[in-house]
Amino acid sequence: MFKPGLFCLSIVAALMVFQPAPVRADDSQNVISRISARDVENLLREMNIEFKEVDTDVYQLQLSGLKVLFFNKGEDVQLYAGFTLDQKPTLTRINEWNRDKRFSRAYIDKEGDPVIEADLDAAGGVTRLGLRKFIELFQFSMEQFTKHIN
């Protein structure tokens with residue numbers, strides 16, 4: 001015979017026994033909502049990315065052999081790569097990138113050169129791992145964009 005009280009008590013007892021283990025936060029899991037210059041520099045060093053500070057909170061990096069600018073505005077960061085090419089891509093080609101790809105955007109700058117950039121908003125919180133993945137994704141996107149415009 002089914003006894004609802006005994007059944008509920010069994011469920012409660014099972015839930016008490018099978019509680020998940022607490023998650024231990026390491027440095028890569030700590031959520032930050034403001035990215036400091038020290039955070040940026042430490043992460044770039046850990047990733048073995050060559051960089052130099054060219055202005056306050058602006059870094060020039062080498063990703064896949066190309067120069068990239070990293071702008072740190074505290075609550076958000078931006079990666080930017082511009083290309084100077086003899087054979088310039090058409091606006092249609094740039095628009096194809098924006099239509100078909102996610103996580104970055106491309107445009108033609110004032111000099112007529114193609115640019116790719118991406119932003120990460122940290123105001124709501126981001127982990128060091130999230131910031132690292134943002135840089136890695138931009139590097140991959142930049143490599144794909146280079147193929148796309150050539």
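In this predicted model, the largest nonpolar core has 31 residues, and Leu61, Ile135 and Phe138 touch the most other members. Seven elements each supply at least two residues of this core: helices α2 (37-46), α3 (91-100) and α4, together with strands β3 (58-63), β4 (66-72), β5 (76-82) and β7 (114-121). The largest share, 7 residues, comes from α4. In soluble globular proteins, nonpolar side chains tend to be buried together. Phe138 illustrates the contacts of a core member: leaving out residues up to four places away in sequence, Phe138 touches Leu63, Val68, Leu79, Tyr80, Ala81, Ile116, Glu117 and Ala118.

**The chain as a whole**

The chain contains 4 helices and 8 strands. Read from the N terminus, its elements follow the order α-β-α-β-β-β-β-α-β-β-β-α. Of its 150 residues, 31% count as buried. The chain exposes about 10,100 Å², and carbon and sulfur atoms supply 54% of that area. Among contacts between residues at least 6 apart in sequence, 57% join residues at least 24 apart.

**A hairpin**

Strand β2 (residues 51-55) pairs with β3 in the antiparallel sense, over 4 bridges. Across this pairing, Glu53 stands opposite Tyr59 in β3. The hairpin of β2 and β3 has 2 residues between the strands, and Asp57 takes a positive phi near 60 degrees there.

**Salt bridges**

Side chains of opposite charge can pair when their charged atoms come close. The count of salt bridges in the model comes to 8. Three of them are listed below, with the distance between nitrogen and oxygen.

| Salt bridge | N to O distance |
|---|---|
| Glu46 and Arg128 | 2.5 Å |
| Lys88 and Asp113 | 2.3 Å |
| Arg105 and Asp119 | 2.1 Å |

The salt bridge of Glu46 and Arg128 links distant parts of the chain, since Glu46 lies in helix α2 and Arg128 in helix α4, 82 residues apart. Glu46 is partly exposed, with a relative accessible area of 45%, whereas Arg128 is buried at 14%.

Lys88 and Asp113 also form a salt bridge. Lys88 lies in the loop between β5 and α3, and Asp113 in the loop between β6 (105-108) and β7, so the pair ties together parts that are 25 residues apart in sequence. Why does Asp113 count as buried? Its relative accessibility is 10%, and buried means under 20%. Lys88, at 35%, counts as partly exposed. Apart from neighbours within four places in sequence, Lys88 is in contact with Glu111, Gly112 and Asp113. Lys88 and Ile149 are 61 residues apart in sequence, but their C-alpha atoms are 8.0 Å apart in space.

The side chains of Arg105 and Asp119 meet in another salt bridge. Arg105 belongs to strand β6 and Asp119 to strand β7, so this pair ties together parts that are 14 residues apart in sequence. Both residues are partly exposed: Arg105 at 32% relative accessibility and Asp119 at 39%. Salt bridges with shared partners join Arg105, Glu117 and Asp119 into one network.

**A nonpolar patch on the surface**

Which residues form a nonpolar patch on the surface? They are Phe103, Leu137 and Phe140, with about 310 Å² of accessible area together. Phe140 lies in helix α4 (residues 128-149), and at 47% relative accessibility Phe140 counts as partly exposed. Helix α4 thus has a place in both accounts: α4 supplies 7 residues of the core and holds Phe140, a member of the patch.

Methods:
Residues numbered from 1 in each chain as written. Predicted model: local features only at pLDDT ≥ 70, side-chain atom pairs only at ≥ 80, totals over all residues. Heavy atoms only, no water. Patch = residues over 30% accessible without salt bridge, like charges linked within 9 Å, V, L, I, M, F, W, Y side chains within 5 Å. Areas by Shrake-Rupley, 256 points an atom, 1.4 Å probe, with all protein chains shown as cover. Salt bridge = Lys/Arg side-chain N within 4 Å of Asp/Glu carboxyl O. Buried < 20%, exposed > 50% of the residue type's maximum accessible area, 1.4 Å probe, protein only. Core = buried A, V, L, I, M, F, W, Y, C linked by side-chain atoms within 4.5 Å. Contact = heavy atoms within 4.5 Å. Pairing = 2+ DSSP bridges.
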